[in-house]
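Student: Hi, could we look through this structure together? I'd like to go one spot at a time and ask things as they come up.

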Amino acid sequence: MVLSSLVSGLAGVAVSTFYYRRHEQRKSKLDTLKRFMANRYDLTGDEFSRALNEIFIAYHSSAKVMNALNRHHKAVTTPGVDSEDELIVLIKAMCHDVNVSYREMNDSFFLRPYNTRPTSRQP
């Protein structure tokens, strides 16, 4: 009787811990995705850069997102290469990973957010 109570208690703790960790990981991914999308109006801004750099940590367990991030990084750091396609692939991979539907949106929605800012900054 005591043994079964102990085992069921431990099983309950293990299951609760599993679901809590999964919930926290999803919450972290969603927070990163929100910051990323919210700051895409200024692709050279600090907030967008922070969110972009955060993707590596938040989505480290998603091979699809990591591959898209690597491709985007390569496109951004190679002079003369247009990175728009890789940005779209990255956004869609992140949305897919956290089950955020984007079917209603076309690619221009991701590339042309509200109140965009010029990409070159004046000192």
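Student: Is Asn99 buried or exposed?

Tutor: Asn99 counts as exposed, because its relative accessibility is 66% and the cut-off for that word is over 50%. Keep in mind as we go that this is a predicted model, so every value we discuss is computed from predicted atoms.

Student: Where is Asn99 placed?

Tutor: Asn99 sits in the loop between α4 and α5. Its backbone is also worth a look, since Asn99 has a positive phi of about 60° although it is not a glycine.

Student: Ok, and which residue of α4 forms a salt bridge with Asp107?

Tutor: That is Lys92, whose closest N atom lies 2.8 Å from the closest O atom of Asp107. The pair links distant parts of the chain, with Lys92 in helix α4 and Asp107 in helix α5, which covers residues 107-111, and the two are 15 residues apart.

Student: How exposed are Lys92 and Asp107?

Tutor: Lys92 is partly exposed, with a relative accessible area of 23%, and Asp107 is partly exposed too, with a value of 34%. Both get that label because each value falls between the 20% and 50% cut-offs.

Student: How many salt bridges are there in the count?

Tutor: The count comes to 6 salt bridges. Besides the one between Lys92 and Asp107, they include one between Lys34 and Asp31 and one between Arg50 and Glu47.

Student: What separates Lys34 and Asp31 along their helix?

Tutor: Lys34 and Asp31 are 3 residues apart in helix α1, so they are separated by about one helical turn. Their side chains meet in the salt bridge at 3.8 Å, N to O. As for exposure, Lys34 is exposed, with a relative accessible area of 54%, whereas Asp31 is partly exposed at 28%.

Student: And what about Arg50 and Glu47, which helix are they in?

Tutor: Arg50 and Glu47 are in helix α2, and because they are 3 residues apart there, about one helical turn separates them. Their closest N and O atoms are 2.5 Å apart. Arg50 counts as partly exposed at 49% relative accessibility, and Glu47 counts as partly exposed at 42%.

Student: Changing topic: which residues line the second largest pocket?

Tutor: The lining consists of Leu52, Asn53, Phe56, Leu69, His72, His73, Val76 and Thr77. The elements that give two or more residues to that lining are α2, residues 46-58, and α3, residues 63-77.

Student: Which element gives the most?

Tutor: Helix α3 gives the most to the lining of the second largest pocket, with 5 residues. The space in that pocket is about 150 Å³.

Student: How do the lining residues divide into nonpolar, polar and charged?

Tutor: The lining of the second largest pocket has 4 nonpolar residues, 4 polar ones and no charged ones.

Student: Let's pick Leu69 from that list. Is Leu69 buried or exposed?

Tutor: Leu69, which is in helix α3, counts as buried, because its relative accessibility is 13% and buried means under 20%. Leu69 and Ile91 are 22 residues apart in sequence, and their C-alpha atoms are 9.3 Å apart in space.

Student: What separation do His96 and Val65 have?

Tutor: The C-alpha atoms of His96 and Val65 are separated by 9.1 Å, while along the chain the two residues are 31 residues apart. His96 is found in helix α4, which covers residues 84-97, and His96 is partly exposed, with a relative accessible area of 46%.

Student: And how far apart in space are Ser5 and Arg71?

Tutor: Ser5 and Arg71 are 51 Å apart, C-alpha to C-alpha, with their positions 66 residues apart in sequence. Ser5 lies in helix α1, where it is partly exposed at a relative accessible area of 45%.

Student: One last thing: which residues make the nonpolar surface patch of about 420 Å²?

Tutor: That patch is made by Leu3, Leu6, Val7 and Leu10. Taking one of them, Leu10 lies in helix α1, residues 2-38, and Leu10 is exposed, with a relative accessible area of 55%. Leu10 can therefore belong to a patch, since patch residues need over 30% relative accessible area.

Notes
Residues numbered from 1 in each chain as written. Predicted model: local features only at pLDDT ≥ 70, side-chain atom pairs only at ≥ 80, totals over all residues. Heavy atoms only, no water. 1 Å grid on protein atoms, 1.4 Å probe; cavity = no way out; pocket = protein on both sides within 12 Å on 5 of 7 lines; lining within 4 Å. Points joined across faces, edges and corners; volume = space filled by probe spheres on them. Helix = DSSP H or I, 4+ residues; strand = E, 2+ residues; numbered from the N terminus. Nonpolar A, V, L, I, M, F, W, Y, C, P; charged D, E, K, R; others polar. Patch = residues over 30% accessible without salt bridge, like charges linked within 9 Å, V, L, I, M, F, W, Y side chains within 5 Å. Areas by Shrake-Rupley, 256 points an atom, 1.4 Å probe, with all protein chains shown as cover. Salt bridge = Lys/Arg side-chain N within 4 Å of Asp/Glu carboxyl O. Buried < 20%, exposed > 50% of the residue type's maximum accessible area, 1.4 Å probe, protein only.
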